[in-house]
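Work through the two exercises below with the sequence and the model at hand, and compare each step with the worked solution.

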Amino acid sequence: MHSANTARINGNCMEKLKFYLLTDTHYFEESLGAEGKAYEEYMKTEAFYLKESSAINKAVFKKLKEDKETELIIIPGDLSKDGEYESHKSLIRELNALKDAGKKIFVLTAGHDFNETGRGYKNDEFVGSKGTEFKELYNFYYEFGYKDALSIDEETLSYIAEIAPNIRLLALNCDSKRECKGLIDERLLNWAKEQLQKAKEDGVYTIAMCHYPVIPSVPVFDLVGDAHVKNWREIASFLADNGVELVLTGHMHIQSINEFVSEKGNKLYDICTATTVGTPGKYRKIEIAEDGTMNVKSINVEGFSLPDEFKTAEEFFDWRFKYSVKNKINKILEGGSGITKTLKSFGGKILNSIKLKTIARLLFIKIDSSLKDVKLIDFAGEIATAIFKGDMPYIKGTPEYDAINKALKRLSFILKKIEPKPSKNGVKIDLTDMLLNTIGNNKGYSDNNAVINLKG
């Protein structure tokens, strides 16, 4: 019999639930090497920190230990930088310390957690290290999910476990094979359906976690194959129609909260959380009350030593992200030979120097005076950073929105020719609407701090 203080959500009993959610820790064992010319070259295009990874994550773990009232921690994948055996060993020591402090931890592994060869940088060169095989991850993380599992899908290391009285966590591993990243196939769905049916029979409530977002974090990511699970509408409908209202995700290093309603009218919320080691440097504390009211709070990653040139962790994280975006763009414009090399070089020089007022003149549009002297490449970096932080600020009425809206209208004849290709399976794509809703949050609630009612 369920206690009197439980509520029923979608017919299942549920008690209060409180937990920390962090993901994409990309933990790196610094002794493997993080110095020299090869390292510096690699870090030109890396959006998150490598050498500082262990110190940053330890600062987060310290904060989690200080909260004596919240024992549950959920981590949906990409635990290590690139599957280095020593990185896993170091992270597991930290997780064991959390466990010894009274924490109950449930993790999911993902593509960055297994690799034939690990990475390191010493003496100006890339240095290989011992990697981790996928089959080793079960024993590595046995204490952090598998030990408490009611059922395990051995092929993918997906599992279901009771994480609190009357509440289960369905951990769906969509990133267990190199050749099918982001795939939840029919076989795994059948296993999941059995677990959800059993949960329903037992009268318990189930939430899910998956490394890849089930719902694209921002509209334009619907067009990016590696930004969400494959056939995401099918997977979202499956979860919603089988009693799952909440899925916890990562992978995209972005702060987002999104909702999806199936054809049967069932709703699913996807809470995607950023990496701990890059912009925007966030993790979350989530509390669900007995009546299904879910309070989502985002917390800044802080408490680690900063280089002298940075006053805050936010500045530190943002610098790396913007620096990498600029270098990635420039790298695309490098290389080639003959006329191709000349054109790329010319294009690179223009991109790095052209200002928005020049773009506006070319498109015959007027933009706000505050934007005229902004370089295009810097503008792109600011927009990208804002998107990954969530609560995208560029809504109707802001100078940035108005400038982009005018540019899109001017280019509409090109966009209309492009739209038929991504429009498939009965879903019609409107690129202008998609892009404008990517740069501005028009959902009616925050991507970072929100109160949502899960009561179906």
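**Exercise 1: the surroundings of one helix**

This is a predicted model, in which local features need pLDDT of at least 70 and side-chain atom pairs count only at pLDDT 80 or more, while totals for chains, interfaces and linings use all residues. Residues are numbered from 1 along each chain as its sequence is written, and side-chain values use heavy atoms, with hydrogens and water left out.

Task: establish what covers the buried residues of α9, and which residues of α9 (356-363) are buried.

Solution. Begin with the cover, which includes α10 (376-389) and α11 (399-410); helices here are DSSP runs of H or I with at least four residues, strands are runs of E with at least two, and both are numbered from the N terminus. Next, the buried residues of α9 are Leu-356, Ala-360 and Leu-363, where buried means under 20% relative accessible area and exposed over 50%, with a 1.4 Å probe and protein chains only. These residues lie on the same side of α9 because they cover an arc of only 70° around the axis, the arc being that of the directions from the helix axis to the C-beta atoms. The face turned away from this buried side carries the exposed Arg-361 and Leu-362. Finally, just after α9, Phe-364 takes a positive phi of about 60°.

**Exercise 2: the whole protein**

Task: how many helices and strands are there in the protein, and what share of its residues counts as buried?

Solution. Count the elements to find 13 helices and 19 strands. Then turn to burial, where 54% of the 456 residues count as buried.

How values were computed:
Contact means heavy atoms within 4.5 Å.
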